[in-house]
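Welcome! Open your viewer, switch to a cartoon display, and let us walk through this molecule one selection at a time.

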Amino acid sequence: QVQLVESGGGLVQAGDSLRLSCATSGGTFRRYSMGWFRQAPGNEREFVAVIRWIDNSTDYAQSVKGRFTISRDNAKNTAWLQMNSLKPEDTAVYYCAAARVYGEALAYRSAYDYWGQGTQVTVSS
């Protein structure tokens, strides 16, 4: 069983930056693709970014491309989401997730095997 714990959320102003962390335990981290999703009130949980375990390739949602960067350190069993130039529409609970696969389906929630509890990010205008 893999456990994921997010941290780093908070209340910031538009234009600020935040770095979210996802610490994992209980599994072979280097064999999991790591994704970030977010869910705003009243909305479905949506894909934000993913980094694949097999080659560290990344994909981003169009809404965050150029502002957010996903990374990982297999020695630390941790993934990060660096968020720059934050906007009020980035306000959401952010979740990290782990998937055994590394294909194109990683933009979909169903591809993931484990989820964290989420961390709140609030961006004021």
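We begin with the wall of a hidden space: the residues lining the largest cavity divide into 5 nonpolar, 4 polar and no charged. Please keep in mind throughout that you are looking at a predicted model.

**Stop 1: the cavity**

To see that wall for yourself, select Val2, Thr24, Ser25, Gly26, Gly27, Phe29, Tyr32, Met34 and Ala98, which together line the largest cavity. How many cavities of 30 Å³ or more does a search of the whole structure find? The search finds 1. The volume of the largest cavity is about 40 Å³.

**Stop 2: the sheet**

Two of the lining residues, Thr24 and Ser25, lead us to our next selection. Ser25 in strand 3 has Gln3 standing opposite, and Thr24 in strand 3 is the bridge partner of Leu4. Now colour strand 1 (residues 3-7) and strand 3 (residues 18-25): these two run antiparallel and are joined by 5 bridges.

Next, add strand 8 (residues 78-83) to your selection. Strand 8 runs antiparallel to strand 3, and 6 bridges join the two. For one pair across this boundary, pick Cys22 and find Ala79 opposite in strand 8.

Time to zoom out and take in the whole sheet. In what order do its 4 strands lie? They form an open sheet in the order 1-3-8-7, with antiparallel pairing. At the edges sit strand 1 and strand 7 (68-73), each of which pairs on one side only. If you look along the sheet, neighbouring strands are turned by 15° against each other on average, direction ignored.

**Stop 3: Gly8**

For the last stop, go back to strand 1 and move into the loop between strand 1 and strand 2 (10-13), where you will find Gly8. Is Gly8 buried, partly exposed or exposed? Its relative accessibility is 34%, so Gly8 counts as partly exposed, a label that applies between 20% and 50%.

Show the surroundings of Gly8 as sticks. Leaving aside residues up to four places away in sequence, Gly8 touches Leu18, Arg19, Leu20 and Thr119. Of these, Leu18, Arg19 and Leu20 carry numbers that fall within strand 3 (residues 18-25).

To finish, draw a distance line between the C-alpha atoms of Gly8 and Cys22: they are 9.0 Å apart in space, with the two residues 14 apart in sequence. Cys22 is the residue you met earlier, opposite Ala79, so to speak an old friend at the end of the tour.

Notes
Residues are numbered from 1 along each chain as its sequence is written. This is a predicted model: local features need pLDDT of at least 70, side-chain atom pairs count only at pLDDT 80 or more; totals for chains, interfaces and linings use all residues. Side-chain values use heavy atoms; hydrogens and water are left out. Two strands pair if DSSP finds at least two bridges between them. Axes are lines fitted to C-alpha atoms, for helices over the stretch in contact, and angles run from 0 to 180 degrees between N-to-C directions. On a 1 Å grid over the protein atoms alone, a cavity is a set of points where a 1.4 Å probe fits but cannot get out, and a pocket is an open set with protein on both sides within 12 Å along at least five of seven lines; lining residues have an atom within 4 Å of a point. Grid points are joined across faces, edges and corners, and a volume is the space filled by probe spheres set on the points. Ala, Val, Leu, Ile, Met, Phe, Trp, Tyr, Cys and Pro count as nonpolar, Asp, Glu, Lys and Arg as charged, and the others, Gly among them, as polar. Buried means under 20% relative accessible area, exposed over 50%, partly exposed in between (1.4 Å probe, protein chains only). Contact means heavy atoms within 4.5 Å.
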